[in-house]
Amino acid sequence: MTLQYEVIFWGATGHSKVLRECLKSLGGQLLALFDNNKNLSSPFRDIPLYFGKQGFQEWLKSQEQFKQNICFLVAIGGDKGKDRVEIQEYLESYKLIAIVAKHNRAFVADNTQIGLGSQILANASVCANTVIGRGCIINTGAIVDHECILEDGVHICPGAILAGCVHVSQYAMIGTGAIILPRIKIGAMSIVGAGSVVTKDVPPRVVVVGNPARVIREIAN
């Protein structure tokens, strides 16, 4: 039996479409969307879009009698893990509830630890003794093998593969189809390019690409 609950998304681009499909599979109902980009329009005809913190606060006042029961997800993908976690903390400060979204066609081992606000999407696999932080995304078809550690705000993009005992530090992104070999550590804020094969540890705040992956540039503070 699925639970019925009401959810808002912060983020109104493509990732919100993927998350809504996931939410439907879990029995959730989407109430509203929020985004900082005033040039956007709602991707859903039946769901209103509000802009920025002002729009959120005005909407929340209209929901005063319900706000203790409103859940949320941050629908921002890409390499914006730090933004995702900061928005999550902002919404939590208004007593909204960050949920864990696990698509009903994802495999998640029973002993996986998953932080609030994290999202495990269709056909992803998360294997034994893995620890996932807050506000992470395990995207469509990604594989996270046994005993991996994903710190807060990590994004494992579609089809990426983490072998056993990989440690991905906060806000890092593993690009589409990339492969991380066993016991590798990926530094905070770093980006692994799509299709890369990572054979050694990656330092913080760099972009690596290729097979084997090599640093091509640093990421500014």
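Trainee: Which residue in β2 is the bridge partner of glutamate 6?

Mentor: In β2, glutamate 6 has glutamine 29 as its bridge partner. Please keep in mind throughout that this is a predicted model. Strand β2 covers residues 28–35, and it is joined to β1 by 6 bridges, with the two strands running parallel. To get from β1 to β2 the chain passes through α1, and the resulting β-α-β crossover is right-handed.

Trainee: Which residue does glutamate 6 stand opposite in β4?

Mentor: In β4, glutamate 6 stands opposite isoleucine 70. Strand β4, residues 70–74, is joined to β1 by 5 bridges, and the two run parallel. As a general idea for reading such a strand, the side chains of a regular strand alternate between the two faces of the sheet.

Trainee: Why is strand β1 described as largely enclosed by the rest of the structure?

Mentor: One counts the buried residues along the strand: in β1, residues 5–10, 5 of the 6 residues are buried, so the strand is largely enclosed by the rest of the structure.

Trainee: Where is glutamate 21 found, and how should its surroundings be read?

Mentor: Glutamate 21 is found in helix α1, which spans residues 14–26. With a relative accessible area of 37%, glutamate 21 counts as partly exposed, because that class lies between the 20% limit for buried and the 50% limit for exposed. When residues up to four places away in sequence are not counted, glutamate 21 touches His103 and Arg105. By contrast, glutamate 89, which is 68 residues apart from glutamate 21 along the chain, has its C-alpha atom 24 Å from that of glutamate 21.

Trainee: In what order do the 6 strands of the open sheet with parallel pairing stand?

Mentor: Their order is β7-β10-β13-β16-β19-β22. At the edges stand β7 (107–108) and β22 (197–198), each with a single partner strand, so one side of each is left without a neighbour in the sheet. Within this sheet, β16 (residues 161–162) and β19 (residues 179–180) pair in the parallel sense over 2 bridges, and leucine 162 has isoleucine 180 as its bridge partner in β19.

Trainee: What is the order of the open sheet that has 8 strands?

Mentor: That sheet follows the order β6-β9-β12-β15-β18-β21-β23-β24, and its pairing is mixed. Its edge strands, β6 (101–102) and β24 (214–218), each pair on one side only. For β15 (residues 155–156) and β18 (residues 173–174), 2 bridges make the join and the strands run parallel; here isoleucine 156 stands opposite isoleucine 174 in β18.

Trainee: Which residues have the most contacts inside the largest nonpolar core?

Mentor: The largest nonpolar core has 30 residues, and those with the most contacts inside it are Ile138, Leu150, Ile156, Leu162, Ile174 and Ile186. Leucine 150, leaving aside its neighbours within four places in sequence, is in contact with residues including Val131, Ile138, Val144, Ile156, Leu162 and Val168. Apart from this core lies another, of 20 residues, among them Val7, Leu23, Leu30 and Ile47.

Trainee: Is threonine 130 buried or exposed?

Mentor: Threonine 130 counts as buried, at 0% relative accessibility, although it is found in a loop, the one between β10 (125–126) and β11 (131–132). Its side chain reaches the backbone oxygen of aspartate 145 at 3.0 Å. Not counting residues up to four places away in sequence, threonine 130 touches several others, among them Asn111, Thr112, Gln113, His146 and Cys148.

Trainee: How many disulfides does the structure hold, and why does cysteine 127 have no bond to cysteine 148?

Mentor: The structure holds 0 disulfides. To judge such a case, one compares the distance between sulfur atoms with the cut-off, since a disulfide needs two cysteine sulfur atoms within 2.5 Å. The sulfur of cysteine 127 is 8.4 Å from its closest cysteine sulfur, in cysteine 148, which is too far for a bond. Cysteine 148 is likewise in no disulfide, and the cysteine sulfur nearest to its own, that of cysteine 165, is 6.9 Å away. As for accessibility, cysteine 127 is buried with a relative accessible area of 19%, and cysteine 148 is buried with a relative accessible area of 0%.

Technical notes:
Residues are numbered from 1 along each chain as its sequence is written. This is a predicted model: local features need pLDDT of at least 70, side-chain atom pairs count only at pLDDT 80 or more; totals for chains, interfaces and linings use all residues. Side-chain values use heavy atoms; hydrogens and water are left out. Buried means under 20% relative accessible area, exposed over 50%, partly exposed in between (1.4 Å probe, protein chains only). Helices (H or I, at least four residues) and strands (E, at least two) are DSSP runs, numbered from the N terminus. Contact means heavy atoms within 4.5 Å. Two strands pair if DSSP finds at least two bridges between them. A polar contact is a pair of N or O atoms within 3.5 Å; within protein, one must be able to donate a hydrogen and the other to accept it, and residues adjacent in sequence count only if both atoms are side-chain atoms. A nonpolar core is a set of buried Ala, Val, Leu, Ile, Met, Phe, Trp, Tyr and Cys residues joined through side-chain atoms within 4.5 Å. A crossover is right-handed if, with the strands pointing away from the viewer, the path from the first strand over the helix to the second runs clockwise.
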